[in-house]
Amino acid sequence: MKTIAELLAEQTFFQGLDQGSLDFVAGCGRNVHYSAGDRILTQGEPAHTFYLLRSGSVALSFYVPGRGGVIIDTLDGGDVLGWSWLFEPYKWQFDAEARADVAAVAFDGVCLRNKCDSDAQLGYLLVQRFAKVMLARLQSVRMRMLDIYGPGTPS
Amino acid sequence: MALALPADVRPADAMVPVPYRVVGRARETADTVTLSLEPVGSPIVTPAPGQFNMLYAFGVGEVPISISGIDAGQRVRHTVRAVGAVSQELCAAEAGAMVGVRGPFGTDWGIDSAAGGDVIVIAGGIGLAPLRPVVHELLRNRRRFRRVTVLVGARSPEELVFRGEVASWQASARITVRTTVDYATAAWKGDVGVVPTLIERVTIDPEVTTVMICGPEVMLRFTAAEVLGRGVAAERVRVSMERNVQCGVGRCGHCQLGPVLICLHGPVFPWSRVGPLLARREL
């Protein structure tokens, strides 16, 4: 069975981290599993964890009164779930639910924040990776704002 | 992909609509229908996947419509979205109605040149229409190709065209199919997000992969950028373009995009040819 550090080394998100940093981060992680339909995160609740999905599928949704849960994104193996643990007020902004059985590494956000505070270099490397994920999701939102399937579609 | 006028479509004939009868009409979405057409007399030349016809709604006008189905025999299918007077008239055509057909025009997807390698088909909105015959061809000759992946994006589940058929492609497991929408409720089992974001989730062997993309220009640009970012050469990325096509035979110039005419040199182009043109604001 692979160690958490070995699992992390296989993931694109952690590529480029040296072994020492990987071991450091892995020390805050544990393997978790969710069955399809399980709630992983709940909007408004404290955010002290983030997940690196190894396999499965997760839906991020936003509860809209009168419309119920509106799914705004779906994540797969290799994706990172959750960044509210990095920023005050450390509360989840969305719900997250497993759509298929999920295997993930869950990281203790408080542990990681403390490590990042004491090791600015590691903190920078991690924030850089989260910024890349955020940029990709921001770009995705911008494309939706542009309505890329809108007028001009070939008919 | 030839850049000359197909030899079997002579300009004189190419300007005369051939009467076709609507023999079937299937509603795809709230504003889109697929018409099945059969010739009343002599048929047009059998089209190749990617080509388009000019459809004439008698007394109203003519519009370019891509071919969404090439059936055995002489039947062709066109998927039309009601966006203007002519397309509204075509969408309203019931079985038995007559339409005029000129064509087929333009370049095709060049499916044969992708044989032996991987193929990724990417459609946005009604852009799946001209790619549907490609998927049919890939399924029909599945052994000629390695991995086949179809990515389909739409605003919402209700705006996905060919929903039942796409589901059957998924169920067949002969090809990989992913559908994505901008927003959805829990009932939706596909992906959520724009179609370019699915590209990072696809296995790509850039040296042997051919990518075929159809959708609005903005979608083409984002999607092509993602594909190029995965190492696929611009020559291996093909896109189907739409501009103001009117004559269909390269005479009127309305569909000019810099040095190319969409109706004559396209509508299917390698990205290496039109990508730089789309980045020029003056065009």
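Start with how chain B is wired: among its contacts between residues at least 6 apart in sequence, 68% join residues at least 24 apart. Chain A gives 73% on that count. Keep in mind that this is a predicted model, scoring ipTM 0.86 and pTM 0.90. The two chains touch, with 20 residues of chain A in contact with 36 residues of chain B.

**Confidence**

- Chain B has a mean pLDDT of 92, and 96% of its residues come in at 70 or more.
- Going element by element in chain B, the low end is helix α1 (residues 11-14) of chain B, with a mean pLDDT of 69.
- At the high end sits strand β11 (residues 209-214) of chain B, with a mean of 98.

**Chain B overall**

- You'll find seven helices and 15 strands in chain B.
- Its C-alpha atoms fit in a box of roughly 50 × 45 × 40 Å along the principal axes.
- For 283 residues, a compact globule would have a radius of gyration near 19 Å, and chain B agrees with that at 18 Å.
- As for burial, 49% of the 283 residues in chain B count as buried.

**Chain A overall**

- Chain A carries four helices and six strands.
- Read from the N terminus, its elements go α-α-β-β-β-β-β-β-α-α, so to speak two helices, then the strands, then two helices.
- The C-alpha trace of chain A spans about 55 × 35 × 30 Å along its principal axes.
- A compact globule of 155 residues would have a radius of gyration near 15 Å; chain A comes out at 17 Å, which agrees.
- Buried residues account for 33% of the 155 in chain A.

**Where the chains meet**

- The contact involves 20 residues from chain A and 36 from chain B.
- On the chain A side, β4 (68-76) and α4 of chain A each put in at least two residues.
- The largest share of that side is from β4(A), which brings eight residues.
- Sorted by class, the side of chain A that touches chain B has nine nonpolar, eight polar and three charged residues.

**A helix pair in chain A**

- Helix α3 (residues 109-118) of chain A packs against helix α4 (residues 120-145) of chain A at an angle of about 125°, and their axes are 5 Å apart.
- That angle makes α3(A) oblique to α4(A).
- K115(A), C116(A) and D117(A) are the residues from α3(A), and they meet L122(A), G123(A) and L126(A) from α4(A).
- By class, this contact has three nonpolar, one polar and two charged residues.

**Loop residues in chain A**

- T42(A) is in the loop between β2 (39-41) and β3 (49-64) of chain A.
- With 15 C-beta neighbours inside 10 Å, T42(A) counts as partly exposed.
- Setting aside neighbours within four places in sequence, T42(A) is in contact with W92(A) and D95(A).
- T42(A) and G16(A) are 26 residues apart along the chain, and their C-alpha atoms are separated by 32 Å.
- Y90(A) is in the loop between β5 (80-81) and β6 (95-108) of chain A, and has a positive phi of about 55° although it is not a glycine.
- Y90(A) has 15 other C-beta atoms within 10 Å, so it is partly exposed.

**Backbone oddities in chain B**

- F162(B) also has a positive phi, near 55°, without being a glycine.
- The spot for F162(B) is the loop between β8 (148-154) and α4 (163-172) of chain B.
- F162(B) is buried, because 23 other C-beta atoms lie within 10 Å.
- G103(B) and P104(B) are joined by a cis peptide bond, with omega about -5°; P104(B) is in strand β6 (residues 98-105) of chain B.
- Another cis peptide bond joins G266(B) and P267(B), with omega about 10°.
- P267(B) is in the loop between α6 (262-265) and β15 (268-270) of chain B.

Technical notes: Residues numbered from 1 in each chain as written. Chains lettered and ligands numbered in written order. Predicted model: local features only at pLDDT ≥ 70, side-chain atom pairs only at ≥ 80, totals over all residues. pLDDT = per-residue confidence, 0-100. Axes fitted to C-alpha atoms, helices over the stretch in contact; angles between N-to-C directions. Parallel < 35°, antiparallel > 145°, perpendicular 65-115°, else oblique. Contact = placed C-beta atoms within 7 Å. Nonpolar A, V, L, I, M, F, W, Y, C, P; charged D, E, K, R; others polar. Rg over C-alpha atoms; globule rule 2.2 N^0.38 Å. Buried ≥ 20, exposed ≤ 12 C-beta atoms within 10 Å, placed from the backbone.
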